[in-house]
Amino acid sequence: MLSSDKWTRKILFNLPDNSQIETVLMGYNTRRTACISTQAGCGLGCTFCATGQGGLQRNITSGEIVEQVLFFDRILHRKKDKLTNLVFMGMGEPFANYKQVMKAVDTLTSPLGFGFGARRITISTVGIVPMIEKFTAEKRQVNLAVSLHAATDELRETMLPINKKYPIELLIKSCYEYVKRTKRRLSFEWALIDDVNDTPEQARELVKLIKGMLCHLNFIPLNPTRDYDGHESRQKRIRAFRQILDKAGIPNTLRIRRGIDINAGCGQLMQEASHIIP
Ligand code: SF4
């Protein structure tokens, strides 16, 4: 399935037990980024995410993770092109399938395996704190991104149920520890939802949480999903929100949404692509 601007391609893989996963290839200038799934479905139930709305089918194996990368690599190779970046931001929570994900990372980065640069890989988590601590202790060269989306427990709990188990204070503490011990910059992801988490109050709370941390905020206007009523933030509200961060000196970027017309954007993956790979 190819987006109308031809920059985004989504593939549905049919696994041997009939579980299914979607994987996305995004092109932008010279970047070729594969967005990899780490579980068939997801059990964490983030309200605005189509994968979460469908529940978990199963953890996938390291081989099934690696195969998603090889599939797109083969396609690009035929066009004398190659993958430049891998993001583990597709279906599933990577840290809920930690062992298989790290096994796949080892294969993908090994000179005897796929030989991909670890610094060009990013793993994204919604905040399973013990796994962030484990990841920190392993001091891997892979980048870490945390999907924050809200700066107060009261709001975050309504969006990400995992926050009840690992509240913001614990999560942010583990993030500071990650930066301190690895000396690596951490990314935070924030889907901007109109009149939900794009208020000046949330921006100010966010500044309090992360001011001084070596980090970068990535904002993306919410992508639509079938079972969530929220809408993307309006430009005026996005500008006002970002101004508060700018004033506090917190680096941030507004990401362009891609692949929305084929439901290939963040939080939209569910198992419906037309191009099935058996
Ligand atoms: S946002 Fe990530 S962790 Fe949350 S339900 Fe979707 S896939 Fe799972």
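Start with strand β6, residues 85-88, in this predicted model. Color L86 and F88: they make up the covered face. Now color N85 and V87, which sit on the uncovered face. Why does the strand split this way? In a regular strand the side chains alternate between the two faces of the sheet.

Next, add the neighbors of β6. Select strand β3, residues 31-35. β3 and β6 run parallel and share 3 bridges. Show C35 together with V87 in β6: the two are bridge partners.

Now select strand β7, residues 121-125. β7 also pairs with β6 in the parallel sense, over 3 bridges. Here the residues to show are L86 and I121 of β7, which are bridge partners. Then trace the chain from β6 to β7: the path goes through helix α3, residues 98-109. This β-α-β crossover is right-handed.

Move to the ligand. Which residues surround the ligand? Select C42, L44, G45, C46, C49, T51 and G52, then M91, G92 and E93, and finally V126 and G267. Color this shell by residue class: 6 are nonpolar, 5 are polar and 1 is charged.

Last stop: helix α9, residues 235-247. Put a distance label between its end C-alpha atoms, which are 18 Å apart. That agrees with expectation, because 13 residues at 1.5 Å a residue should span 18 Å. Step just past α9 to G249 and check its backbone: phi is positive there, at about 75°.

Conventions: Residues are numbered from 1 along each chain as its sequence is written. This is a predicted model: local features need pLDDT of at least 70, side-chain atom pairs count only at pLDDT 80 or more; totals for chains, interfaces and linings use all residues. A residue is near a molecule or strand if its C-beta atom, placed from the backbone, lies within 6 Å of it. Ala, Val, Leu, Ile, Met, Phe, Trp, Tyr, Cys and Pro count as nonpolar, Asp, Glu, Lys and Arg as charged, and the others, Gly among them, as polar. A residue is buried if 20 or more other C-beta atoms lie within 10 Å of its own, exposed if 12 or fewer, and partly exposed in between; C-beta atoms are placed from the backbone. Helices (H or I, at least four residues) and strands (E, at least two) are DSSP runs, numbered from the N terminus. Two strands pair if DSSP finds at least two bridges between them. A crossover is right-handed if, with the strands pointing away from the viewer, the path from the first strand over the helix to the second runs clockwise. The expected span of a helix is 1.5 Å times one less than its number of residues.
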